[in-house]
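Q: Please take a close look at one helix of this model and its surroundings. I want contacts, angles and distances, then a word on the sheet beside it.

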Amino acid sequence: MKRPLITAEDLQQSPDMVIPVGARLTPLAQDLLRKRGAVVRGRGAMPLARRLLIANWKSYKTVGEACEFARALGERVRPPTALQLVICPPFTALATLGEALRGVAELGAQDLSPHDEGAHTGEVAARHLLDVGCSYALVGHSERRAAGEGDALVATKLERALAAGLRPVLCVGETAEERAAGRAEAVVSTQLGRALANTRPTDLPRVVVAYEPRWAIGKGVTPTSAEIAGILGHVRHSLRQMAPEVAERVSVLYGGSVSPDNAGEILALEDCNGALVGGAALDPVRFSAILAAGS
Ligand code: PGA
């Protein structure tokens, strides 16, 4: 039987394509896979974790401001990018922004309901997010945990996202007090374990883990590169313990005061598959500078 030939265009059209064993890859396709972090040996390829740069706009930007960002970003970015871009705007901008960002970035929500559709006033469910073109949803962001969201609710949201076909971005991280008490690793593994307790190993590659130390978010301070590397390595180790056969395919990100100045060093760390960016992602110039630093 003839071995299938996979082109760069095929990979752009289906970013999650599983490369069949024995398939041939054109040189451009091999190059694209390498940029996305896959290990390409000879003519074969083993897909590894996706490299991601995710913008969390929090409660900023109207629809008009979001479209202006999309226009400015489109002028600066030449797809395919070395890191897959994902923008998480306020719910109100999702539908319009998805169209404006087509071909440049994917769309994510900042939260989702733990329920399916029903009598849940104010909640936005996974199916509403899919309906407007979302592929990702943040789950358990520290600002939501600070507002009272506990591990059980985070786990339910994560399950809802997976069941609907969304990629949950599970945020974990310690407070300043927990860090001072030497408990950062323990806190992170407890949050991971609780959120992923019911996740099947086959679903795990669709989960993204973002390590976001709570004391670094929006503060202009970050842990040292060695400290970040230590916790990201710990996250990978915990994932290997849960599901050794798929742990390397889970994207593990760092978040908390990522900027054009520190992005190069952070994105080059072993076990770092990208970043979750708040403040610096509101400006298309700074956001594209972070992408350039990680490319
Ligand atoms: P920051 O936010 O980059 O402004 O620190 C990160 C986040 O909240 O995800």
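A: What follows goes through one helix, its packing, the barrel and one buried acidic residue.

The model is predicted. The part to look at is helix α12, residues 284-293.

Start with burial. In α12, Pro284, Phe287, Ser288, Ile290 and Leu291 are buried. Seen down the axis of α12, these buried residues fall within an arc of 150°, so they line one face of the helix. The spacing rule is general: an α-helix has 3.6 residues a turn, so residues three or four places apart point the same way.

Next, the cover. The buried residues of α12 are covered by elements that include the strands β5 (52-56), β6 (84-88) and β12 (274-277). Helices take part too, among them α3 (63-76) and α11 (263-267).

Now the start of the helix. There, a side-chain oxygen of Asp283 comes to within 3.0 Å of the backbone nitrogen of Val285.

Take the packing against α3. The axes of α3 and α12 come within 9 Å and cross at roughly 40°. The crossing is right-handed. On the α3 side, the contact is made by Phe69, Ala72, Leu73 and Arg76. On the α12 side, Pro284, Val285, Phe287 and Ser288 make it. Of these, Pro284, Phe287 and Ser288 are also listed as buried.

The strands come next. β5, β6 and β12, which help cover α12, belong to a barrel. Its 8 strands close in the order β5-β6-β7-β8-β9-β10-β11-β12, with parallel pairing. Neighbouring strands of this sheet are turned by 25° against each other on average, direction ignored. In general, strands of a sheet pair through backbone hydrogen bonds, either parallel or antiparallel. Between β6 and β7, which run parallel, there are 2 bridges. Val86 has Glu106 of β7 as its bridge partner.

Another helix lies on the barrel strands. α9 (residues 184-195) lies across β9 (167-172) and β10 (208-211). α9 runs at about 150° to β9.

Last, follow the chain past β7. Asp111 sits in the loop between β7 (106-109) and α5 (126-131). Its relative accessible area is 11%, so Asp111 counts as buried. Two basic side chains reach its side chain. Arg144 makes a polar contact of 3.0 Å with Asp111. Lys157 makes one of 2.8 Å with Asp111. Leaving out residues up to four places away in sequence, Asp111 touches Phe91, Leu129, Leu138, Arg144, Glu149 and Lys157.

Terms used: Residues numbered from 1 in each chain as written. Predicted model: local features only at pLDDT ≥ 70, side-chain atom pairs only at ≥ 80, totals over all residues. Heavy atoms only, no water. Helix = DSSP H or I, 4+ residues; strand = E, 2+ residues; numbered from the N terminus. Buried < 20%, exposed > 50% of the residue type's maximum accessible area, 1.4 Å probe, protein only. Polar contact = N/O pair within 3.5 Å; in protein donor to acceptor, adjacent residues only side chain to side chain. Contact = heavy atoms within 4.5 Å. Arc of directions from axis to C-beta. Pairing = 2+ DSSP bridges. Axes fitted to C-alpha atoms, helices over the stretch in contact; angles between N-to-C directions. Left-handed = near helix turned anticlockwise from the far one by under 90°.
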